[in-house]
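Welcome, and thank you for taking a look at this protein chain. Let us walk through the structure together, one part after another.

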Amino acid sequence: MKLKQLERVTWFMMSLVTVLTATTQAATVVRVAAGQEQTLFVMSDGSLWGMGRESFGELGQGFGLTQTNLPLQIVASNVTAVACGEAH
């Protein structure tokens, strides 16, 4: 694992506390994917969350956001798998 990915995973773990305390029904992480500049994760309730850099809409928020260190919900439910990478 590259240092940058490790830093993102660390931010993810710290930020997960925010996600869990912000929801009334806590969900656990079941899948994680680390891209070049973003991390995506699927929760046990089927929701998809992401954090990191969003240069080209990688976090599903459009092109206005540039980076976030707090998880953002991308999809509310029915997500079963996730993948991300570099330059695609």
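## A guided walk through the sheet

A good place to begin is the hairpin formed by β2 and β3, which has four residues between its strands, and in whose turn G46 has a positive phi of about 85 degrees. Please keep in mind along the way that this is a predicted model.

Now let us step back to the whole chain. Its secondary structure amounts to one helix and four strands, and along the sequence these follow the pattern α-β-β-β-β. The chain has 88 residues, of which 30% count as buried. It exposes about 5500 Å², with carbon and sulfur atoms supplying 57% of that area. Among the contacts with a separation of 6 or more, 42% are between residues 24 or more positions apart.

How are the four strands ordered in the sheet? They make an open sheet in the order β1-β2-β3-β4, and the pairing is antiparallel. The edges are taken by β1 (29-34) and β4 (67-75); each has a single partner strand, so one side of each is left without a neighbour in the sheet. From one strand to the next, the twist averages 20 degrees.

We can follow the sheet from β1 onwards. Strands β1 and β2 form a hairpin with three residues between them, and they pair in the antiparallel sense over five bridges. Within this pairing, V29 stands opposite M43 in β2. The next pair, β2 and β3, is also antiparallel and has five bridges, with T39 standing opposite M51 in β3. Then comes the pairing of β3 (residues 48-53) with β4, again antiparallel over five bridges. Here W49 is the residue that stands opposite Q73 in β4.

Strand β2 deserves a closer look. How many of its six residues are buried? The count is six of six, which makes β2 mostly covered. Its side chains can be sorted by direction: Q38, L40 and V42 point one way, T39, F41 and M43 point the other way, and all are buried.

Next, let us visit a charged pair. The count of salt bridges comes to one. It joins R53 and E37, whose closest N and O atoms are 3.4 Å apart. R53 lies in strand β3, while E37 lies in the loop between β1 and β2 (38-43), so the pair ties together parts that are 16 residues apart in sequence. Are these two partners buried, exposed or partly exposed? R53 is partly exposed, with a relative accessible area of 32%, and E37 is partly exposed too, at 27%.

From there we return to the loop between β2 and β3, where S47 is found. The relative accessible area of S47 is 1%; because buried means under 20%, this residue counts as buried. Which residues does S47 touch, leaving aside those up to four places away in sequence? They are F41, V42, Q73, V75, A76 and S77. Two of these names are already familiar: F41 and V42 were among the buried residues of β2, and Q73 is the residue of β4 that W49 stands opposite. S47 also has a link with W49 itself, as a polar contact of 2.9 Å joins their side chains.

Moving over to strand β4, we meet P71. This residue is buried, with a relative accessible area of 10%. P71 and M51 are 20 residues apart in sequence, but their C-alpha atoms are 4.9 Å apart in space. M51 has appeared before, as the residue in β3 opposite T39.

Our last stop is N78, in the segment after β4. What is the phi of N78? Its phi is positive, about 70 degrees, although N78 is not a glycine. As background, most residues other than glycine have a negative phi. N78 has a relative accessibility of 71%, and so it counts as exposed.

To look back over the walk, the chain brings four strands together in an open antiparallel sheet, with β1 and β4 at its edges. Strand β2 is mostly covered, R53 and E37 form a salt bridge, and S47 is buried in the loop between β2 and β3.

How values were computed. Residues numbered from 1 in each chain as written. Predicted model: local features only at pLDDT ≥ 70, side-chain atom pairs only at ≥ 80, totals over all residues. Heavy atoms only, no water. Helix = DSSP H or I, 4+ residues; strand = E, 2+ residues; numbered from the N terminus. Buried < 20%, exposed > 50% of the residue type's maximum accessible area, 1.4 Å probe, protein only. Contact = heavy atoms within 4.5 Å. Areas by Shrake-Rupley, 256 points an atom, 1.4 Å probe, with all protein chains shown as cover. Pairing = 2+ DSSP bridges. Axes fitted to C-alpha atoms, helices over the stretch in contact; angles between N-to-C directions. Salt bridge = Lys/Arg side-chain N within 4 Å of Asp/Glu carboxyl O. Polar contact = N/O pair within 3.5 Å; in protein donor to acceptor, adjacent residues only side chain to side chain.
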